[in-house]
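These are my notebook entries from a first look through a structure that was new to me. I kept them in the order in which I looked things up.

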Amino acid sequence: MNVFTGRESPDATTPDGRHTGGTGTARPRIEGRAKVTGGARYAADIPMRDLAFGAIVVSTVSRGRIGDIDVSAVQDMPGVLGVIDHRNAPRLNPGAGHFFGPDGGLLLLQDDVIPFAGRPVALVVAETLEQAQAAAEALPVTYDAQPHDTDFSADHPAGRPALALFDGPVNVGDVDAELAASTVVVDERYRTPEEHCSAMEPHSATAWWEGGRLQAVDSNQGPFSVAGVLATLFSLDLERVRVRTEHVGGGFGSKGMCGPQLILAVMATTRFGRPVRVTLTRRQVFLTTALRPPTDQPIRIGAEADGRLRAIHHEPVFAISPLAEYIEGCTELTKTLYAAPAIRTRLTAVPLDILPPYSMRGPGAAPGSFALESAVDELAERLGVDPLELRLRNEPAVGPVSGLPFSSRNLVACLREGARRFGWAARDHRPRMRREGHLLVGTGLAATSFSAGAFPSSASITAEPDGTFTVAIGATDLGTGARTALTTIAADALAVGTERVRLLISDSDLGPAWSAGGSRGTTSWAWAISEAAAKLRDRPRDPARSVTVTADTTRLLGDLPSRERHSYSAVFAEVTVDPATGEVRVRRLLGMFAVGRVVNPLTARSQVVGGMIGGLSMALHEEGVRDPVSGRHVNADFAGYHIAAHADVPDIEADFVPDDEPGIPWGIKGVGEIGNVGTAAAIANAVWHATGSRQRTLPIRLDRVLEEHPLT
Ligand code: MOS
């Protein structure tokens, strides 16, 4: 691993040191010690008296109706308190939903209809986890199976326009005329499979009633939004619902929603009158939480002989469920990265009998960039232009579709500095020219962007009589370093040392706040904290009494001028391909990032490196596979669904170019997802360079490398 090149904080090892916040300097996680000593508690770790445990039973058929659930077969088993199914479950409000509208995926145990394999059909509640699991396994459930359709394809007759809440269709210029006038046209399609978020911590919730309020500790990405969904689902006033979240072991999108663990735990505590904990098994994490849908992406790009683009035409198709809307926004980069007189995009959704897809690690942008940045590399190949040079020649002055100015755009700096560090200039652009022993060696690159901005959030700050400050915001730390970042920001906003700041997060009672999602957590929360600090400064104070101020950024966000706001990166990869086995190994990855001002270089670097590892995993390993006969996942576990492990992860270098985001306090753009985007295309392009064979379907499996091109 390369040595971190950013400026080290003088008090980097003493986060409670006497300096002011130190925003912009490297600082280890505040909770690092608690995590490595086992003191940090995750949702399933919270001790609780009189706790009962729920175990979920899921459907084994992909479509149909429940025939019978024979509760009598398990109710006398040791420790069993009872079973909840569609016949006795509390009624839920069908208006409940998420970002994309009402979500039928939330309406668990409401009827006998099976919309997909893995749908929860019952919750068995018992005194211990083992008793609950034993009874759940023993519970006889019969089904009336009906024909299902889990077979995704771009020309599926059920395909229809995707919801256009964002990344809607555009048609600028005359794509067909520009393509006809182009010297070279790439006309290909790229495919990505079902993928799974795979956070290390399985989803867990514990729910109970206390003082007339519904209380829950849950692993999620945003306790306030989850509490809101829960309140709607159970028809409760929001004031009667409190959701807390201590430490969270990753989310990647799958904890952005009100999860099945929480809904079922609330049903169980309501029915049995004692705290109930529901923790998903790893298999259930695969079967019941956010799925990245498969995509099939036809794309056409035309250019002049000198590499200037004339047209980009990108019409991705992805799978959804009839239960809920979702947008896999694969064309955001297509509208952002390159100048072209004609750009046409359109998203098509194909409803299938599958778990409702939802956001996962750079949703839309990650699969979309694989298609776009592979196609641009193919264009460079056919034009005989350096892929780096091709990108530099198509740098837009304004938003290629919107015509809006960029708030700041430092893609060129990422490309040039990345190329310099990677040694790109020495590359022979012809494929299949480098061999080391029996291995083929190649390099590739991809450019990326990821949308930046903030969402409304509120924060409160209390100035205590002892000179300390309590900063309260409904933020969440997924393990990314949010606690550390917000503590330094609060200290700097208040112009005090971090030792005088007490940060409260992860509690829906702290008020409305955006979730840890969309790469907008830190941006949104830092803004609210800054506003609260400014308000406090203006407030006359009696030093003997505490004073609390609350700020909300909703109006301020509305005042932001319209701009193209994005983070950028350039990713470079070097791979080896074994011609005998088809095995691809990534030898080097380098990412240069423009992400606004960097709050904490240590944790920001950790995030983008983590994102690049996710991209490597997407390129080479991750693939949800279904049995076409049953429609069921055949690899809903880490034995069959491969995630990059240490041995797969090479020397990764990641660093930041100077950047800023004007108009947003602290100049933050967010680092959550940009690391993921672009990496898969960079690797696929390097595989082409090594072998001379294009990989247009992810993951780049051994059999695909061998079948598409005999390499011996
Ligand atoms: Mo995310 S995929 O913004 O949690």
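**Entry on tryptophan 666.** I began with a single side chain in this predicted model, and I asked whether tryptophan 666 counts as buried or exposed. Its relative accessibility comes out at 19%, and because buried means under 20%, tryptophan 666 is put among the buried residues. I then looked up where tryptophan 666 sits, and found it in the loop between strand S31 (651-656) and helix H14. Its backbone also caught my eye, since phi of tryptophan 666 is near 75°, which is a positive value in a residue other than glycine.

**Entry on other backbone features.** Aspartate 50 also has a positive phi, of about 65°, although aspartate 50 is not a glycine. I located aspartate 50 in the loop that runs between helix H1 (32-36) and strand S1 (52-58). I next noted a cis peptide bond, which joins leucine 698 and proline 699 and has an omega of about -5°. Proline 699 belongs to the loop between helix H14 (679-691) and helix H15 (702-708).

**Entry on the chain as a whole.** I then stepped back and listed 15 helices and 31 strands for the protein chain. The radius of gyration is 26 Å, close to the 27 Å that the globule rule gives for 712 residues, so I wrote the chain down as being as compact as a globular protein of that length. Along the principal axes, the C-alpha trace spans about 70 × 70 × 50 Å. Of the 712 residues, 61% are buried. I also looked at contacts between residues at least 6 apart in sequence, and 81% of these join residues at least 24 apart.

**Entry on the cysteines.** How many disulfides does the structure hold? I found zero, and I wanted to see the reason for the cysteines I had looked up. The closest cysteine sulfur to that of cysteine 197 belongs to cysteine 330 and lies 15 Å away, which is too far for a bond, because a disulfide needs the two sulfur atoms within 2.5 Å. Looking from the other side, I saw that the closest cysteine sulfur to that of cysteine 330 is in cysteine 197, again at 15 Å and too far for a bond. Cysteine 197 is buried at 2% relative accessibility, and cysteine 330 is buried with a relative accessible area of 1%.

**Entry on cavities.** I searched the whole structure for cavities of 30 Å³ or more, and the count was two. The largest cavity has a volume of about 230 Å³, and its lining has 24 residues, with Asp103, Gly105, Leu106, Met257 and Pro356 lying nearest the centre. Strand S5 (101-102) and helix H5 (260-272) each give at least two residues to that lining. I sorted the lining of the largest cavity into 16 nonpolar, five polar and three charged residues.

The second largest cavity has a volume of about 30 Å³, and I listed its lining as Ser59, Ala117, Gly118, Arg283, Leu287, Arg632 and His633. By class, these are two nonpolar, three polar and two charged residues.

**Entry on a pocket.** I turned to the second largest pocket, whose volume is about 500 Å³. Which residues lie nearest the centre of this pocket? They are Thr150, Asp151, Phe152, Pro294 and Arg626, out of 26 lining residues. The elements that give two or more residues to this lining are strand S11 (184-192) and strand S18 (295-303). The lining of the second largest pocket divides into 10 nonpolar, seven polar and nine charged residues.

**Entry on two helix residues.** I closed with leucine 556, which I placed in helix H12 (residues 554-558). At 23% relative accessibility leucine 556 is partly exposed, and, leaving aside neighbours within four places in sequence, leucine 556 is in contact with Trp527 and Glu531. I also looked up its separation from glutamine 284, which is 272 residues away along the chain, and the C-alpha atoms are 41 Å apart.

Proline 601 lies in helix H13 (residues 601-620), and I noted it as buried, with a relative accessible area of 8%. The C-alpha atoms of proline 601 and arginine 277 are separated by 37 Å, with these positions 324 residues apart along the chain.

Definitions and conventions:
Residues numbered from 1 in each chain as written. Predicted model: local features only at pLDDT ≥ 70, side-chain atom pairs only at ≥ 80, totals over all residues. Heavy atoms only, no water. Buried < 20%, exposed > 50% of the residue type's maximum accessible area, 1.4 Å probe, protein only. 1 Å grid on protein atoms, 1.4 Å probe; cavity = no way out; pocket = protein on both sides within 12 Å on 5 of 7 lines; lining within 4 Å. Points joined across faces, edges and corners; volume = space filled by probe spheres on them. Helix = DSSP H or I, 4+ residues; strand = E, 2+ residues; numbered from the N terminus. Nonpolar A, V, L, I, M, F, W, Y, C, P; charged D, E, K, R; others polar. Rg over C-alpha atoms; globule rule 2.2 N^0.38 Å. Contact = heavy atoms within 4.5 Å.
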